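Hi everyone, thanks for making time this morning. I'd like to walk you through one model, starting with the overall picture and then going down to individual side chains.

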Amino acid sequence: MNLNATLFVQFGVFFILAMFTMKFVWPPLMNALDERAKKIADGLAASDKAQKTLQDGAKAALDALNAAREEGQKQILNAEQRAAKIVDEAKNTAAAEAARILAAANADAENQVTKAREELRDQVATLAVKGAEQILKREVNASAHADLLNQLKTEL
């Protein structure tokens, strides 16, 4: 074979190989590359969407945290106001109870003083009667009467 024929055969084999590659190898290879590029693009889009969702979620979480903090502050303020109100009511109730107890104690003390005066009057009357009985039973004697009167004074 000569050189031209060899070149021609080589050119023919190369052309057949190129046609075969373009017909059977190249399309699946290009499809695989296109699918890979599409997957990468979809992954990047999903990543961007996830990033946006994450930022939105973080903002929503921060807003919820701030709202919860404000609600907590309001509840603390309400609780402090209720506690102050309860303390004031307890003070007022205690003051009223103390006044009632004091009034009852004063009334009881007054009753006891009145009772003691009545008992004292009864005892004085009894002593006066005893003294008069003793004076009347004895003879009329100034010194004897003075002794009895002094004895009554000491008993009172």
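I'll begin with the fold, then move to the surface, the charged pairs and the aromatic rings.

One thing to keep in mind from the start: this is a predicted model. So what is the chain made of, in terms of helices and strands? There are two helices and zero strands. Helix 1 covers residues 3-137, and the chain has 156 residues.

Now, how much of this chain counts as buried? Just 3% of the residues do. The exposed area comes to about 13700 Å², and carbon and sulfur atoms supply 63% of that.

Let's look at one piece of that surface. If you find F11 on your screens and go on through F15, I16, M19, M22, W26, L29, M30 and L33, you have traced a nonpolar patch. Together, these residues have about 960 Å² of accessible area. L33, one of the patch members, has its place in helix 1.

On to the charges. How many salt bridges does a search of the whole structure find? The search finds four, and I'll show you three of them, including the pair K52 and D56.

The side chains of K52 and D56 come together at 3.5 Å, N to O. Both residues belong to helix 1, and they are four residues apart, about one turn of the helix. Are they buried or exposed? K52 is partly exposed, because its relative accessible area is 49%, and D56 is partly exposed as well, at 40%.

Moving along the helix, D63 makes a salt bridge with K59, with 3.6 Å between the closest N and O atoms. Here too the partners sit in helix 1 with a spacing of four residues, about one turn. D63 is partly exposed, with a relative accessible area of 40%. K59 counts as exposed, because its relative accessible area is 55% and the cut-off for exposed is over 50%.

The next pair is E97 and R100, whose side chains meet in a salt bridge at 2.4 Å, N to O. Why are these two separated by about one helical turn? Because they are three residues apart in helix 1. E97 is partly exposed, with a relative accessible area of 36%.

Last stop, the aromatic rings. The structure holds one aromatic pair, and its members are F20 and F24. Their ring centres are 5.1 Å apart, and the planes make an angle of 45°, so the pair counts as tilted, the class between stacked (under 30 degrees) and edge-to-face (over 60). Both phenylalanines lie in helix 1, four residues apart, which is about one turn. F20 is partly exposed, at a relative accessible area of 45%.

To wrap up, we have a predicted model with two helices and zero strands, four salt bridges and one aromatic pair. Thanks for listening, and I'm happy to go back to any of these residues on the screen.

Methods: Residues numbered from 1 in each chain as written. Predicted model: local features only at pLDDT ≥ 70, side-chain atom pairs only at ≥ 80, totals over all residues. Heavy atoms only, no water. Buried < 20%, exposed > 50% of the residue type's maximum accessible area, 1.4 Å probe, protein only. Areas by Shrake-Rupley, 256 points an atom, 1.4 Å probe, with all protein chains shown as cover. Patch = residues over 30% accessible without salt bridge, like charges linked within 9 Å, V, L, I, M, F, W, Y side chains within 5 Å. Phe/Tyr/Trp six-rings, centres within 6.5 Å; stacked < 30°, edge-to-face > 60°.
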